[in-house]
Amino acid sequence: MDDAVRTENIKNLANQAKRLEHIEPFHVMRIITRAMEIQASGVDVVNLAVGEPDFPTPSLIVDAAVNALKADSMRYLPALGRDELREAISQWYQQKYAIHVPKERIAVTTGSSGALLLTMGVLVSPGDEILMSDPSYPCNRNFVSTMEGASTLIPVGPETSYQLTAELVEKNWTDRTVGVMVASPSNPTGTMIEHDVLRDIHRVVQANAGTLIVDEIYHGITYGQDAASALDFADDVFVINSFSKFFSMTGWRLGWAVVPDRFINSFETLAQNLYISSPDVAQKAAVAAFHPDSIKECNLYRSRYQEQRDYLVTELKNIGFRIPVEPTGAIYIYADCSEFSNDSFQFCQDLLEKAGVAIAPGLDFGFNQANQHVRFSFPKPVSILTEGVRRIRAHLYQ
Ligand SMILES: Cc1ncc(COP(=O)(O)O)c(C=O)c1O
């Protein structure tokens, strides 16, 4: 780096907001960027690093978008979303979970990411703490940091299926704690929190006058048992959901939050100011997501994910990865790689450079034994997974 560039970098950092010091980049992005470079050079990579479905968006949704684009101009909308979509989501809760959620409490957002950011925006003041598990979805702690709050990462392991418990919440609650965040099924572990455990956590949170946030974005992608919603037993929780995963719509940037009554006005004010409204075309199309034919298509995707999960869990165990708790939902396998390495980032880099397989290092999901873990994202045809397994085996045992 020449002196002029170095001086420029120092100057830029000096002007940067302090909160950025607490927001780390995704390590996996380095793996993904490198995987793209390798692919661009003509060498094929088996990419099991990106956390998104491999299936197309159901055709009724695509058709609805095309028709909407032809028929209407796309405009700003009310910040909480189109009435028709909020009503459709409300009916979805009735139909799928037999829960009455008034549409007035439903806020349509730019992906569940928008919902999470706004939720932290209405709950977290500078210095406040949010409790969450380690490992967990990395953006959550960064949403908290953006609001100048602090995340308390609570180490969890196989004994609690990598989920929080009421005891852990109680033990880690401090004067500055304002809430608890859980995800079920979770990223990166694919494990679910038992409904009774979630209810107990809610009791502890309530007793401490805090707020529970439950990320349900992998609902619908579960293997064996359906996930129950926290809305089943509480209306003072924030429930976060998305069209991204079950409906295979990651790029449409549409999600929602079910917001407790007392927060809905501030949630709306923040949404109006931060991004005005979420995409009009995506909202018009998403109503078709709840059509029985779309649901049928997505359920078919779910059975494919199950085959992919079953195949990859078995093969990874055969290779020598430890998977003490198998995923019962989502699209990930969280595996202990300590048989092969105690530096998960180096392990991922070597696997990419030497074997052409991209996976995510544990470092992205926290600090708790992060160097001994990696995440495999399995939504790929079994033929591709088979090639990935062949390469990993050859790399580790050559
Ligand atoms: C647990 C969890 N929550 C939220 C998100 C954000 O997804 P989106 O903004 O696409 O809804 C993700 C994305 O991978 C996730 O894994």
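Here are some numbered notes on a predicted model, going through its sheets, helix packing, cysteines and a couple of single residues.

1. **A small open sheet.** Let's start with the three strands that line up as β9-β12-β11. They form an open sheet, and the pairing is antiparallel. If you're new to sheets, it helps to know that strands pair through backbone hydrogen bonds, either parallel or antiparallel. Which strands stand at the edges? They are β9 (332–336) and β11 (360–361): each has a single partner strand, so one side of each has no neighbour in the sheet.

2. **How β12 holds hands on both sides.** Take the β9 side to begin with: five bridges join β9 to β12 (residues 373–377), with the two strands running antiparallel. You can pick out individual pairs in the viewer. Tyr-334 has Arg-375 of β12 as its bridge partner, and Ala-335 sits opposite Val-374. Now for β11: two bridges link it to β12, again antiparallel. Here Ala-360 is matched with Arg-375 in β12. So look for Arg-375 as a bridge partner of Tyr-334 and also of Ala-360.

3. **Is β12 buried or exposed?** Strand β12 is mostly covered, as five of its five residues are buried. Try colouring its two faces. One side carries His-373, Arg-375 and Ser-377, the other carries Val-374 and Phe-376, and all of these are buried. A charged residue such as Arg-375 is on that list too.

4. **A helix on the sheet.** Back to the strand pair β9 and β12, which five bridges join. Helix α11 (residues 292–319) packs on this sheet and touches both β9 and β12. The direction of α11 makes about 10° with that of β9.

5. **A parallel neighbourhood around β5.** Elsewhere, the pairing is of the parallel kind. Strand β3 (residues 129–134) pairs with β5 in the parallel sense over four bridges, and Glu-129 stands opposite Thr-177 of β5. Strand β6 (residues 211–215) also pairs with β5 in the parallel sense, over five bridges. One pair to find there is Val-180 with its bridge partner Leu-212 in β6. Why is β5 (residues 177–183) described as largely enclosed by the rest of the structure? Because six of its seven residues are buried.

6. **Helices α2 and α12.** The axes of α2 (residues 27–40) and α12 (residues 344–355) come within 10 Å and cross at roughly 10°. That makes the two helices roughly parallel. On the α2 side, the residues in contact are His-27, Arg-30, Ile-31, Arg-34, Ala-35 and Ile-38; they meet Phe-345, Cys-348, Gln-349, Leu-352 and Glu-353 of α12. By class, that contact has six nonpolar, two polar and three charged residues.

7. **Helices α12 and α13.** How do α12 and α13 (residues 382–397) pack? Their angle is about 105°, with the axes 10 Å apart. That makes α12 roughly perpendicular to α13. Phe-347, Asp-350, Leu-351, Lys-354 and Ala-355 of α12 meet Arg-391, Ile-392, His-395 and Leu-396 of α13. Sorted by class, this contact has five nonpolar, one polar and three charged residues.

8. **Cysteines.** How many disulfides does a search of the whole structure find? Zero. As a reminder, a disulfide is a covalent bond between the sulfur atoms of two cysteines. Take Cys-139: its closest cysteine sulfur belongs to Cys-348 and is 18 Å away, too far for a bond. Cys-139 is buried, at 16% relative accessible area. Cys-298 is buried as well, at 1%.

9. **His-202.** You'll find His-202 in helix α8 (residues 195–207). With a relative accessibility of 7%, His-202 counts as buried. Leaving aside residues up to four places away in sequence, His-202 touches Leu-212, Phe-233, Ala-234, Asp-236 and Val-237. Leu-212 may ring a bell: that residue is the β6 bridge partner of Val-180.

10. **Ser-266.** Last one. Ser-266 lies in helix α9 (residues 264–275) and is partly exposed, at 35% relative accessible area. How far apart are Ser-266 and Glu-87? They are 179 residues apart in sequence, and 21 Å apart in space from C-alpha to C-alpha.

Notes:
Residues are numbered from 1 along each chain as its sequence is written. This is a predicted model: local features need pLDDT of at least 70, side-chain atom pairs count only at pLDDT 80 or more; totals for chains, interfaces and linings use all residues. Side-chain values use heavy atoms; hydrogens and water are left out. Two strands pair if DSSP finds at least two bridges between them. Contact means heavy atoms within 4.5 Å. Axes are lines fitted to C-alpha atoms, for helices over the stretch in contact, and angles run from 0 to 180 degrees between N-to-C directions. A disulfide is a pair of cysteine sulfur atoms within 2.5 Å. Buried means under 20% relative accessible area, exposed over 50%, partly exposed in between (1.4 Å probe, protein chains only). Angles under 35 degrees count as roughly parallel, over 145 as roughly antiparallel, 65 to 115 as roughly perpendicular and the rest as oblique. Ala, Val, Leu, Ile, Met, Phe, Trp, Tyr, Cys and Pro count as nonpolar, Asp, Glu, Lys and Arg as charged, and the others, Gly among them, as polar.
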